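Hello,

Here is the structure you asked to look at. My notes on it follow below.

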Amino acid sequence: MPQPALNPHKQRAAELVARMSIEEQALLLSGDGPWRTHGIERLGIPPVVVSDGPHGLRKLEDSGALMNRSVPATCFPTASALSATWNTALTRELGAALGREAQAQKVDVLLGPGVNIKRSPLGGRNFEYFSEDPLLAGSIAAAYINGVQSEGVGTSLKHFAANSQEDARMTTDSVVDARTLNEIYLPAFEQAVRESQPWTVMSAYNLVNGTYASEHRALLDGVLRGQWGFDGLVVSDWGGINDRAKGVEAGNDLEMPGSGEHNRNKLIAAVREGRLAKEALARCATEVVALALRAAEARKANAQFDADAHHALARRIGGEAVVLLKNEGDVLPLPAGKKVALIGRFARTPRFQGAGSSMVNPIRITNAYDELAALLGEQQLSYAAAYDGEGDTTDAQIEEAVRTAAAADIAVVFAGLPDSYESEGWDRRNIAMPAGHVRLIEAVAAVQSKVVVVLLNGSAVEMPWAGKVKGIVEGWLGGQAGGGALADVLSGKVNPSGKLAETFPVALKDSPAHPYFPSHTRSAVYGEGVFVGYRHFDAREITPLFPFGFGLSYTRFAYTGIRAAAQFDASGDDSFTVEVSIKNVGPRVGQEVVQLYVHEEAPALPRPPQELRAFDKVTLEPGQEKTVRLTLRRRDFAYYDAQAQAWTVKPGRFEIRVGGSSRDLPLTLPLEVTNTRKVAKRLTLHSVPRELKELAGGAALYSEVLAALGFANADAPISDSQGTPDEVAAARKAQMSLLSFVDEMPLVKVPAFSQGRMTDARLEEILLRQSQG
Ligand code: BGC
């Protein structure tokens, strides 16, 4: 993987900032209105123009207003559709197209992608996020960012971090343990930073474990910049600043929208009064200037884009995003020469994007009716609207729909979620579709044996009617070309290859954070820990409606072989390659997403039964066989050891599982993983003697503690010859209970318990020596 480019203007920016007054520096740290930064003319520093995305440009016509109509732009499928393509090359193409549109509209930074993990199917912004799985989310995000930035336009990776709830989004404290944060909620950000260096990262509205994300030094300075090497600017979410000076100290460079003199004066006063280091101010100002210089250099004069080509790309992405969930008796693709009834308003007035800051003013909109008419001939089609914009229906509408469906050879019912059901700003209350849609599907299925349901929705829905229909097509919010994309798949012009990037539960009660999501107290406790998405369904052995990674094709694939070494040494930075053979054994050319999951046989901590660690999408002609190479690294076997604050691999047996869905993994391979790398544990006064034993050379220290407590040699093995069998058994039992007491006593208590035999000073010395060596 080539290293992504860093900002080459840092040095020059620092020089310019050194020539600025405190007032000028403070000016830079807050926006000039909602969509641009301040420039400083006397030093030749231009403003930077930012604009929402993420699935299309939302440049507002009047840059003074927060919410008004935006300039027409290509509306691509939303994030939940994009991630269902599992196609990073295609995602990069999308990014480049967005970059071209941004250049043409003189936008320097596109405010996306959003990479937050879907903790619950109720998440109001799930349509705008990629996945419940960090690897998939991180891979799509990195490809997107690399695409946009290849056109000289920056991105804003958002919302950092643990921002998975919309209700009370500005005040909720995400209470999440360190392991869960590191294993689930941070890795997509980390991968995107390491693989694509977004020009900016947007801090989230919420608090993380008691501290606002916008002023979270450990996250912004420690993790993002320190551990991952993030090289760009941190911007607040819009209105996400709490205490500006604290934000500056933490490394939050830019406040958006601008707060005029309000925070500027506070910052100036804080520096003057010595409450805020002037270096901190200068550091933030340097990032703003470096971004401005970078953006200015990357601007392309007279940039234009080809709206037709972008529409065609949107259609291609929409087609690849479609997930074929059910296709009993090969009811799809639609057979030639048959009469097709298109039922449901969405067939002509589709829902194609979500609401909130991502809402694009599309250049044009296509619908499935017109596009199918173009492909199949309009005389083949009939139509009944059946419901209104809210999904409500009347008896007369249902009767008309039933008549239309019965008169055709096959009925395609368009249903899903109306606009009011999902939006930025609030979470859903349930995963039901409107009652009118359900009633419609059931009524049509009662008179027509061939029913296909096409769903337009941004996130998972329940489908109590699923057993009554032959086909189910998940069309997502497919963007302005979504109608054409659906027509392509329904007609068979495109062979579906999308796979679910989120689990569809049978019922809400089966989902991971139920019933705690959304939290209606200030603290949102992430009580399900690492068991999010399929990790939860697998661990609890709950059968989902449709599992993570699932999606059918009009052809069939056979997983024919798997090869890899039987052992992997995870001590160093070596990688490990798995070769998978896959064959198209069906009648059509098609694409398959090869998914690799890792299972650990006897983990040190409760672990998800399997986790996605690699994937690739391949195209296969009928009869063609290919070998896919998937790479694993140390981290793919590791868990996050919260106490050691490090990724740890427990040596032992693992299993590699490969297939076309998380619940269909026909290829398995045992793997012995070795590891001699010792994690340097940081012991504290609140560590326990058991942990001393786990240190290299810790046995002597442990014995010293035992002796101080008056139990010298109490851990010596008791042999059978030390007494009668009953006496030995009793002695061993007593030993176990003594050691279980001693081993778990916090070290801080040892001096008192030893009545001074171990002094406080000696204890400090032991801890100091351990932390140094
Ligand atoms: C959203 C961001 C968005 C920003 C600017 C906020 O309310 O959370 O995702 O980029 O507004 O519109």
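**Ligand site**

Of the 13 residues around the ligand, those that come nearest are Asp52, Arg125, His159, Tyr205 and Asp237. Please keep in mind throughout that this is a predicted model. Sorted by class, the shell around the ligand is made up of 6 charged, 5 nonpolar and 2 polar residues.

Three side chains are worth a look here. For Asp52, an N or O atom of the side chain is 2.3 Å from an oxygen atom of the ligand. Lys158 has a polar side-chain atom 2.9 Å from a ligand oxygen, and for Arg169 the corresponding distance, again from a polar side-chain atom to an oxygen atom of the ligand, is 3.3 Å. On its own the ligand has 310 Å² of accessible area, and the protein covers 94% of that.

**Strands E5 and E8**

Strand E8 takes in residues 233-236 and is covered on both faces. Leu233 and Val235 lie on one side, Val234 and Ser236 on the other, and all four are buried. This fits the usual pattern: in a regular strand, side chains alternate between the two faces of the sheet.

Strand E5 (residues 200-203) runs parallel to E8, and 4 bridges join the two. To find the pairing in the viewer, start at Thr200, which stands opposite Leu233 in E8.

**The sheet E16-E18-E21**

Further along the chain is an open sheet of 3 strands in the order E16-E18-E21, paired antiparallel. Its edge strands are E16 (557-563) and E21 (625-633), each of which pairs on one side only. From one strand to the next, the twist averages 25 degrees.

Between E16 and strand E18 (residues 575-584) there are 6 bridges, in the antiparallel sense. Tyr559 is a handy place to begin, as this residue stands opposite Ile582 in E18.

**Asp133**

Where does Asp133 lie? This residue is in the loop between strand E2 (109-111) and helix H5 (134-149). Is Asp133 buried or exposed? Its relative accessible area is 0%, and because the cut-off for buried is under 20%, Asp133 counts as buried.

Asp133 also has a neighbour from a distant part of the sequence: Gly533 is 400 residues away along the chain, yet the C-alpha atoms of the two are separated by 7.3 Å.

Regards

How values were computed:
Residues are numbered from 1 along each chain as its sequence is written. This is a predicted model: local features need pLDDT of at least 70, side-chain atom pairs count only at pLDDT 80 or more; totals for chains, interfaces and linings use all residues. Side-chain values use heavy atoms; hydrogens and water are left out. Buried means under 20% relative accessible area, exposed over 50%, partly exposed in between (1.4 Å probe, protein chains only). Two strands pair if DSSP finds at least two bridges between them. A residue is near a molecule or strand if one of its heavy atoms lies within 4 Å of it. A polar contact is a pair of N or O atoms within 3.5 Å; within protein, one must be able to donate a hydrogen and the other to accept it, and residues adjacent in sequence count only if both atoms are side-chain atoms. Accessible areas come from the Shrake-Rupley method with a 1.4 Å probe; for residues, only the protein chains shown count as cover. Ala, Val, Leu, Ile, Met, Phe, Trp, Tyr, Cys and Pro count as nonpolar, Asp, Glu, Lys and Arg as charged, and the others, Gly among them, as polar. Axes are lines fitted to C-alpha atoms, for helices over the stretch in contact, and angles run from 0 to 180 degrees between N-to-C directions.
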